[in-house]
Amino acid sequence: QVELVESGGGLVQPGGSLRLSCVASGDIFSINAVGWYRQPPGERRELVALIVSGSTKYVDSVKGRFTISRDYAENTAYLQMNSLKPDDTAVYFCNADVLPTRGDWTNIWGRGTQVTVSS
């Protein structure tokens, strides 16, 4: 069984920074794409950033402010968020395509971490 656990969320003032972490644990052989999504209150979940084979992609609203990265050895992904705005307030979720040592590729979600940007 594979699990994704996010951490690093919290309350931050506008203009501040946070770094989110997503740790994958369990029966893992390989991880392909990893994405960070967010869901503001009452809204749909949206893709914020994606990393696949070292290539990255961002939603326009976070370009130049957020950076996604991975530590392949530690099965960990990060989302560095700078110049945060109140509109960035949301629950942030990690998502990954995981191949367990036995079985097929599986898409897995973490439970999310709350990010609140407010003065």
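**Rings, a disulfide and a cavity**

Arginine 45 lies over the face of tryptophan 109, with 4.6 Å to the ring centre. That is a handy place to start with this predicted model, since the arginine turns up again over a second ring. Arginine 45 also sits over the face of phenylalanine 93, this time at 3.7 Å from the ring centre.

The two rings under that arginine belong together as well. A pair of aromatic rings is described by how far apart the centres are and by the angle of the planes. The count of aromatic pairs comes to two. For phenylalanine 93 and tryptophan 109, the ring centres are 6.4 Å apart and the planes stand at 85 degrees, so this pair is edge-to-face. Phenylalanine 93 belongs to strand 9 (residues 90-100) and tryptophan 109 to strand 10 (residues 106-109), so the pair ties together parts that are 16 residues apart in sequence. Tyrosine comes into the picture too: ring pairs link Tyr37, Phe93 and Trp109 into a cluster.

How do the two partners of the edge-to-face pair fare for solvent? Phenylalanine 93 has a relative accessibility of 10%, which falls under the 20% limit, so this residue counts as buried. Tryptophan 109, at 37% relative accessibility, counts as partly exposed.

Right after phenylalanine 93 on the list of things to look at is the disulfide. The structure holds one of these, formed by cysteine 22 and cysteine 94 with their sulfur atoms 2.1 Å apart. The link between cysteine 22 and cysteine 94 is left-handed, with -80 degrees about the S-S bond. Cysteine 22 lies in strand 3 (residues 18-26), while cysteine 94 is in strand 9, so the disulfide ties together parts that are 72 residues apart in sequence. Both ends are tucked away: cysteine 22 is buried at a relative accessible area of 3%, and cysteine 94 is buried at 0% relative accessibility.

Cysteine 22 also leads to the next feature, an enclosed space. Rolling a probe the size of a water molecule over the atoms shows where empty space is left. The structure holds one cavity of 30 Å³ or more, and the largest cavity takes in about 60 Å³ of space. Its lining is made up of Leu4, Cys22, Val23, Ala24, Ile31, Val34, Arg70, Asn75, Thr76, Ala77 and Ala96. Strand 3, strand 4 (28-39) and strand 8 (76-81) are the elements that give two or more residues to this lining. Which element gives the most to the lining of the largest cavity? Strand 3 does, with three residues. By character, the lining residues of the largest cavity divide into eight nonpolar, two polar and one charged.

One of the lining residues, asparagine 75, has a backbone worth a second look. Most residues other than glycine have a negative phi. Asparagine 75, although not a glycine, has a positive phi of about 50 degrees. Asparagine 75 is found in the loop between strand 7 (66-71) and strand 8, and is partly exposed, with a relative accessible area of 27%. Serine 83 shows a positive phi of about 50 degrees too, again without being a glycine. The loop between strand 8 and strand 9 is where serine 83 lies, and its 40% relative accessibility makes serine 83 partly exposed.

Two further positions round off the picture. Glycine 8 is in the loop between strand 1 (2-7) and strand 2 (10-12). Its relative accessible area of 32% makes glycine 8 partly exposed. Glycine 8 and lysine 85 are 77 residues apart along the chain, and their C-alpha atoms are separated by 17 Å. Lysine 57, in turn, has its place in strand 6 (residues 55-58). Lysine 57 is exposed, with a relative accessible area of 56%. Between the C-alpha atoms of lysine 57 and glycine 35, which are 22 residues apart along the chain, the separation is 9.3 Å.

How values were computed
Residues are numbered from 1 along each chain as its sequence is written. This is a predicted model: local features need pLDDT of at least 70, side-chain atom pairs count only at pLDDT 80 or more; totals for chains, interfaces and linings use all residues. Side-chain values use heavy atoms; hydrogens and water are left out. Rings of Phe, Tyr and Trp (its six-membered ring) pair if their centres lie within 6.5 Å; planes under 30 degrees apart count as stacked, over 60 as edge-to-face and the rest as tilted. Helices (H or I, at least four residues) and strands (E, at least two) are DSSP runs, numbered from the N terminus. Buried means under 20% relative accessible area, exposed over 50%, partly exposed in between (1.4 Å probe, protein chains only). A charge sits over a ring if NZ of Lys or CZ of Arg is within 6 Å of the ring centre and within 35 degrees of the ring normal. A disulfide is a pair of cysteine sulfur atoms within 2.5 Å. On a 1 Å grid over the protein atoms alone, a cavity is a set of points where a 1.4 Å probe fits but cannot get out, and a pocket is an open set with protein on both sides within 12 Å along at least five of seven lines; lining residues have an atom within 4 Å of a point. Grid points are joined across faces, edges and corners, and a volume is the space filled by probe spheres set on the points. Ala, Val, Leu, Ile, Met, Phe, Trp, Tyr, Cys and Pro count as nonpolar, Asp, Glu, Lys and Arg as charged, and the others, Gly among them, as polar.
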